[in-house]
Amino acid sequence: MSSNITLFAGSQKVEDRSSAVIMPFDSSRVLFLSQLSEALLQGNYSAPLKALGFWLRESQIKAWKEEYKPNDHLLLAPIGRVFIVSPSNVEGLFAYSWSLSYLMGNQTIVRVSAAITSDQKKLFDLFNLIDEQTNGEALNNQAFLSYDKHSDWTRKCSDWCQFRMLWGSDQSIEDIRRVTLPAQSQERVFPDRYSISVLHLEEQDIPIISGLAESFARDVITFQQQACASPKWVIWYRTSKKIQTLFWDAVEKFIVGSFAKNETFMSAQYLCAFGAEVERVGGLSIVNYREIINDGVALRGVLGQFDQSCISEIGRAFPQNLQSISHYGLSHESKLELSKTSQVSQFCRLGEALTFTKNWDGVDLITVFSRKVRL
Amino acid sequence: MQDWTEINPLHLSRVEKKAWLLPQLNQLTQLHSENCERYANILNGTGLPLVASEFDDVPYLAARLFKLLRLSSVEEGDVFKTLTSSGTTSQVKSQIVLDKQTASLQTKVLVKLLSSITGKSRRPMLLVDRQGLTNDKSGFSARGAGVQGLSFLGRDHTYALNEDLTPNWERIDQFIEKYKGQSVLIFGFTFMVWQYFVTELLNRGDRSLFDNAILFHSGGWKKLQDKAVDNHTFKSTTREILGESAAIHNFYGMVEQIGSVFVECSHGHLHASAYSDIIIRNQNTLEPAAFGEQGQIQVMSFIPRSYPGHSILTEDLGRLLGEDDCSCGWKGCYFEVIGRLPKTEIRGCSDVF
């Protein structure tokens, strides 16, 4: 490849279209990912990287292998050449999608921003270390690189790939999509998403309210509320004001100092400009409004809230780009109803909003990175 | 109520200032709450009072709101020009909506304030910027507004830089030749004055060019700090060029409140004039900070009538040094600017592609 790109890990040979075909869950690839997992879990790494390590543990991979094992009618085969564009500012996000592409036996080019974070650098260092132990065999048809977005590399990679996956803002995705794909190639995009919490707390939940608040606070604090799955609004489903107050009192203890005062102040004023009213101010600003205000502006340290006693009305209040509902107290039937009336793609328990799963944003990534071959 | 033109801008004591400025600010809060729906919503939604009995209680908007919202208290048809901040291309710029009345008041107040330092006679003026900066009314930059506002203080305006910001030696030399040994007025943005004027003249060997020159400069020290140039170095080097008698005044101001600038006195302190005031707020609580304590700078001005910017919480950090007792003789709060609030790290699924 030419000199105007930076290769962080992997091999420049990735462009070679004639590399040997590797089937999904090949032992060499399982071994690489397991070693990666072990190193992350045992080494001195940040919480997000440890989470990646935990997600890629060998027992998990084995469970997936079992789940997707071939039968007399169907087997999984690699797509072939995969091109992933990932934002670099969620540490490890590229690694989640790449590892599944890798596990499925694909050749993969991952484009990250040139401004890599220290966590990403550590991760690439680890990739290179494990790769060296295999004499470069493990990553010889994988590439983690960066290039100027104005260069023609998006075009080259798009021409090269059989499957393109884009993570980013709506604007970035629209920009990249101007680079068309060959007719035979497929694409999957993960644009801007919005996530909320639905909480249904009753008297009987008061003894565990502190634990719920701690979990909720973790979802809010992680990535400073800027991840797609971070809750930005709370909808109270049949929950008394008294319990709401107890909940916020408890959340305050876990959130204190997590957001800059200027951010919570500015964010609350922003929402109030549209008619919201401040309910309480502390480590977080809580504002009331009759509906979700979501115009794409990134706010930190603020949560909007309103009450709703009809589950089908809740679904109708959600924005079109809804992704996650972190919840407490929703019944199976309520989830079915919300799935019907909104664009929700994942429900999660409090404290797990940011936990990556292979079923993400409505898509089974293992299936996406492979071909289902009918036998 | 006393007319602002009758007030000596740098010699109003705290008590007199409160009697004059606080009612002005209360009036503006009322005016904007009646004419800017979003502002009224913010006051209502955050439970802020319409009438303040102390400066500390005057409602204030987060400066960044002007980047996210177009906040206007006038009909679109009455918009005379829209100012934008000089943020870098990747940043969202502030939008400040001006009608004729506010634009005119900005200039008049600026001239009244600065001419109380320069004296009433207009001096020959060298502008350390490029010509044509102030032509485009629709997207008027803070730099353009600054140059235009200050130009009222001088005569025979000479622009020192070419389009590519290199020195226009022909014009500079003509200016020097014409006014050598005389008292001239010079204005430019701090970094540009240093980079494109002082350094260039220093390299050329120019020394002691004028007698009693006055230099006003503004725009912040960030870029010069990167070059390890502090205010002391700036002043001493600039005096080598302009002459030892040169009066050099930095001033602090922002696009959100053009006109109400905070000028540096002969003792190196920035002063709030009679037309504006300043509060330092603890950055963790937003409560008013004590003298000497670092915090976020809130600025207040009686000028903004076309947009609700009469009281703004900036993202600058500063420290109050005293009030009405600076040994320079000027009244008002005096303070120093320390820097910017640390940028909140951008993390999340927003992207950097």
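Reader: What makes a residue of chain B count as buried, and what share of the 353 residues does so?

Author: Buried means under 20% relative accessible area, exposed means over 50%, and partly exposed lies in between, with a 1.4 Å probe and protein chains only. By that definition, 54% of the 353 residues of chain B count as buried. This is a predicted model, in which local features need pLDDT of at least 70 and side-chain atom pairs count only at pLDDT 80 or more, while totals for chains, interfaces and linings use all residues. Residues are numbered from 1 along each chain as its sequence is written, chains are lettered from A and ligands numbered from 1 in the order in which they are written, and side-chain values use heavy atoms, with hydrogens and water left out.

Reader: Why is chain B called as compact as a globular protein of its length?

Author: Chain B has nine helices and 15 strands, where helices (H or I, at least four residues) and strands (E, at least two) are DSSP runs numbered from the N terminus. The radius of gyration, taken over C-alpha atoms, is set against the globule rule, 2.2 Å times the number of residues to the power 0.38. For chain B the radius is 20 Å and the rule gives 20 Å for 353 residues, so the chain is as compact as a globular protein of that length. Its C-alpha trace spans about 60 × 55 × 40 Å along the principal axes.

Reader: Why is B:S208 called partly exposed?

Author: The relative accessibility of B:S208 is 48%, so this residue counts as partly exposed. B:S208 is found in the loop between α7 (190-204) and β8 (214-218) of chain B, and its phi is near 45°, a positive value in a residue other than glycine.

Reader: How do you know whether chain A is as compact as a globular protein of its length?

Author: Chain A has 13 helices and 17 strands. Its radius of gyration is 22 Å, close to the 21 Å that the globule rule gives for 375 residues, so chain A is as compact as a globular protein of that length. Of those 375 residues, 55% count as buried.

Reader: What confidence does the predictor assign to chain A?

Author: The pLDDT, the predictor's confidence in each residue from 0 to 100, averages 92 in chain A, and 96% of the residues score at least 70. Among the elements of chain A, strand β11 (residues 285-288) has the highest mean, 98, and helix α11 (residues 311-317) the lowest, 90.

Reader: Is A:D131 buried or exposed, and what does this residue touch?

Author: A:D131 has 8% relative accessibility and therefore counts as buried. It lies in helix α5 (residues 118-133) of chain A. Contact means heavy atoms within 4.5 Å; not counting residues up to four places away in sequence, A:D131 touches A:F32, A:G136, A:E137, A:A138 and A:L139.

Reader: Why is A:N135 called exposed?

Author: A:N135 reaches 71% relative accessibility, so it counts as exposed. A:N135 lies in the loop between α5 and β5 (142-147) of chain A, and its phi is near 55°, a positive value in a residue other than glycine.

Reader: What makes A:E337 buried?

Author: A:E337 has a relative accessible area of 18%, so it is buried. A:E337 lies in helix α12 (residues 332-341) of chain A and touches A:I311 and A:S312, not counting residues up to four places away in sequence.
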